[in-house]
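Student: Before we begin, could you show me the model and then let me ask how each label attached to it is justified?

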Amino acid sequence: MNRINIKYSQNFITSKRNINKILKNINLNEEDNVFEIGSGKGHTTLELAKICNHVTAIEIDPDLCLATQQKLVHQRNFQIVNQDILKFKFPKNIRYKIYGNIPYNISTDIIRKIVFESTAVESYLIVEYGFAKRLLDIKRALALLLMTEVDISILRMVPREYFHPQPKVNSSLILLKRLTSKISYKDRKMYENFVKKWVNKEYRKLFTKNQFNKALKHAKVVDLNNISFEQFLSIFNSYKLFNNQNNIKDY
């Protein structure tokens, strides 16, 4: 097995029946331009091309690119790009959506790229079920970073029996829906540093005891282990107000 296959090994969905079950949960129409991450053998690509205005598939494996081209030989609203998705540059001047059955082992990298390097209004991704749940866990840094840019939801389970080779775990179809950014560009680095310290419970590096109590009170936090993302943003905004103080005391 070559390095490409090791790094980007995937589990394919080839049953038209199962593909259409998944696509019924996706908001696509004849006006949509779609970027597909990983065409595989072209089975889902073909169904997307039947629905959408145009499909651009990004596939790293040249053999799979050829298989996809052959499967969609009669489709005129389609193109395939033989490139690593992590090196691909999404356009900035058109409205588009993203679809992908993405490799488990680089799911985090791909989602970061979609959220922070694309302007996709909606992204529909098939990911490992446990990973999908972690994306909604605001005790984790990744969730806190992503939620400033997208609304994350699990649309449906995708049974492991849908795939070949069959993985050991079930998957989920998730939606990342673009929001107006909740963190300004100038505050992005501050927010990232705040998140890192917060998830490590390094509260004393962020607040004095008095500041911390004020921030929690303002955010109406009753249980520090059970806060909403909106409450977390409120705490961060309090941190910004206190940030001009140079000497933060331990509490």
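What follows is a conversation between a student and a tutor about the terms used for this model and the values behind them.

Tutor: This is a predicted model, in which local features need pLDDT of at least 70 and side-chain atom pairs count only at pLDDT 80 or more, while totals for chains, interfaces and linings use all residues. Residues are numbered from 1 along each chain as its sequence is written, and side-chain values use heavy atoms, with hydrogens and water left out.

Student: How many helices and strands does the protein have, and what makes a stretch count as one or the other?

Tutor: The secondary structure comes to 10 helices and seven strands. Both are DSSP runs numbered from the N terminus, a helix being H or I over at least four residues and a strand being E over at least two. The C-alpha atoms fill a box of roughly 65 × 40 × 35 Å, taken along the principal axes.

Student: Why is Ile13 called buried?

Tutor: Buried means under 20% relative accessible area, exposed means over 50%, and partly exposed lies in between, with a 1.4 Å probe and protein chains only. Ile13 has a relative accessibility of 8%, so Ile13 counts as buried. By that definition, 49% of the 251 residues of the protein count as buried.

Student: Where does Ile13 lie, and which residues is Ile13 in contact with?

Tutor: Ile13 lies in the loop between α1 (3-8) and α2 (16-23). Contact means heavy atoms within 4.5 Å, and, leaving aside neighbours within four places in sequence, Ile13 is in contact with residues including His43, Thr44, Asn101, Ile126 and Phe163.

Student: Why is Asn101 also given the label buried?

Tutor: Asn101 has a relative accessible area of 13%, which is under the 20% limit, and therefore Asn101 is buried. Asn101 is found in strand β4, and, with neighbours within four places in sequence left aside, the contacts of Asn101 include Asn11, Phe12, Ile13 and Ile37.

Student: What makes an empty space a cavity, and how many are there of 30 Å³ or more?

Tutor: Rolling a probe the size of a water molecule over the atoms shows where empty space is left. On a 1 Å grid over the protein atoms alone, a cavity is a set of points where a 1.4 Å probe fits but cannot get out, and lining residues have an atom within 4 Å of a point. The structure holds three cavities of 30 Å³ or more, and the largest has a volume of about 140 Å³, where grid points are joined across faces, edges and corners and the volume is the space filled by probe spheres set on the points.

Student: Which residues line the largest cavity, and what classes do they fall into?

Tutor: The lining has 14 residues, of which Phe12, Ile13, Ser39, Thr44 and Asn101 lie nearest the centre of the cavity. The elements that give two or more residues to this lining are α3 (43-51) and β4 (97-101). By class there are three nonpolar, nine polar and two charged residues, where Ala, Val, Leu, Ile, Met, Phe, Trp, Tyr, Cys and Pro count as nonpolar, Asp, Glu, Lys and Arg as charged, and the others, Gly among them, as polar.

Student: Which residues does UniProt list for "binding site"?

Tutor: The unreviewed UniProt entry lists Asn11, Ile13, Gly38, Glu59, Asp84 and Asn101. Of these residues, Ile13, Gly38 and Asn101 are included in the lining of the largest cavity. UniProt positions are given in the numbering used here, feature names are shortened, and annotations may be inferred rather than shown by experiment.

Student: Why is Glu30 called exposed?

Tutor: Glu30 has a relative accessible area of 56%, which is over the 50% limit, so Glu30 is exposed. Glu30 is found in the loop between α2 and β1 (33-37), and, not counting residues up to four places away in sequence, Glu30 touches Ile51, Cys52 and Asn53.

Student: What is notable about phi of Lys201, and is Lys201 buried or exposed?

Tutor: Lys201 has a positive phi of about 60 degrees although Lys201 is not a glycine. Lys201 lies in the loop between α8 (188-199) and α9 (209-218), and a relative accessible area of 57% is over 50%, so Lys201 is exposed.

Student: Which residues does the cis peptide bond join?

Tutor: The cis peptide bond joins His164 and Pro165, with omega about -10 degrees. Pro165 is found in the loop between β6 (150-158) and β7 (171-178).

Technical notes. On a 1 Å grid over the protein atoms alone, a cavity is a set of points where a 1.4 Å probe fits but cannot get out, and a pocket is an open set with protein on both sides within 12 Å along at least five of seven lines; lining residues have an atom within 4 Å of a point.
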